[in-house]
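Please open the model in your viewer and keep the sequence panel visible. The tour below proceeds by selections, each followed by a short account of what is found there.

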Amino acid sequence: MAATDKLQHPDVTPEMIREIDDIIESQKNAPGAVIPVLRMSQDVVGYLPVEVIDYISAGLNIPSSDVYGVATFYSLFSLTPKGRHRIRACLGTACYVKGIKEVMGRISKEFDLEVGGTTEDRRFSLEAVRCLGACGLAPVVVVDQDTYGGISADQVSGILEKYE
Ligand code: FES
């Protein structure tokens with residue numbers, strides 16, 4: 001069992017620590033336990049703070065650098081918190097040509113949000129993706145499940161203000 005008092009992080013509640021303990025306990029003798037333990041722990045916390053990675057490595061008795069290596073290698077893992085709303089902006093050719101750069105620039109400026117980042121209040125996360133398959137609508141931004149095509153930088157705040 002990992003040392004419960006070693007995990008201190010504002011986003012991780014005692015209840016979450018208990019769940020992570022159970023996850024570690026249930027997996028620790030399984031070969032290749034690192035990935036399932038990281039995945040399940042990420043489901044519990046929402047992302048993987050470094051403190052959680054250290055805690056898992058202690059619990060599994062695997063060097064922290066190895067666990068960290070796995071967590072950073074797979075795109076399924078996030079080491080930073082995600083916002084309540086996920087903005088995906090398309091950087092494919094059609095969208096690029098039609099001005100997605102300006103749209104992204106406006107998002108970054110108005111919300112102090114860089115690609116791969118999350119706003120301070122955790123309202124939005126911004127990702128850049130390759131072709132969303134809606135090139136006819138370029139430039140395309142998807143917020144959660146909603147697709148916005150043909151948008152201009154000036155429409156950015158109007159669209160995003162709907163998402164609290
Ligand atoms: S290039 Fe943006 S949707 Fe295809």
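Begin by selecting S57, which counts as buried at 6% relative accessibility; buried means under 20% relative accessible area, exposed over 50%, and partly exposed in between, with a 1.4 Å probe and protein chains only. The structure is a predicted model, in which local features need pLDDT of at least 70 and side-chain atom pairs count only at pLDDT 80 or more, while totals for chains, interfaces and linings use all residues. Residues are numbered from 1 along each chain as its sequence is written, and side-chain values use heavy atoms, with hydrogens and water left out.

**Helix α3 and its end**

S57 belongs to helix α3. Helices (H or I, at least four residues) and strands (E, at least two) are DSSP runs, numbered from the N terminus. Setting aside residues up to four places away in sequence, S57 touches I62, P63, S64 and V67, where contact means heavy atoms within 4.5 Å.

Extend the selection to residues 50–60, the whole of α3; V52, I53, Y55, I56, S57, G59 and L60 are buried there. An α-helix has 3.6 residues a turn, so residues three or four places apart point the same way. Now display α1 (14–27), α2 (34–45) and α4 (64–73), against which the buried residues of α3 pack.

Next, select N61, just after α3. N61 lies in the loop between α3 and α4, and its phi is near 60 degrees, a positive value in a residue other than glycine. Is N61 buried or exposed? With a relative accessible area of 70%, N61 is exposed.

**Two surface patches**

Select I35, F73, Y74 and L76, which form a nonpolar patch on the surface with about 400 Å² of accessible area together. Patches are made of residues with over 30% relative accessible area and no salt bridge; like charges are joined within 9 Å, and nonpolar side chains (Val, Leu, Ile, Met, Phe, Trp, Tyr) within 5 Å. A salt bridge is a side-chain nitrogen of Lys or Arg within 4 Å of a carboxyl oxygen of Asp or Glu. Accessible areas come from the Shrake-Rupley method with a 1.4 Å probe; for residues, only the protein chains shown count as cover. One member of the patch, I35, is found in helix α2 and is partly exposed at 32% relative accessibility.

Then select D112, E114, E120 and D121, which form a negative surface patch. Lys and Arg count as positive and Asp and Glu as negative, whereas His and the chain ends are not counted. The place of a charge is taken as NZ of Lys, CZ of Arg, CG of Asp or CD of Glu. E120 sits in the loop between α6 (100–111) and β2 (124–129) and is exposed, with a relative accessible area of 83%.

**Loops and the final segment**

Move to P139, in the loop between β2 and β3 (141–143); the peptide bond from A138 to P139 is cis, with omega near -5 degrees. D144 follows in the loop between β3 and β4 (146–148). Its phi is near 50 degrees, a positive value in a residue other than glycine, and D144 is partly exposed at 23%.

Finally, select Y163, in the segment after α7 (156–160). Which residues does Y163 touch, not counting residues up to four places away in sequence? They are H85, R123, F124, V143, D144, D146 and Y148. Y163 counts as buried at 8% relative accessibility.
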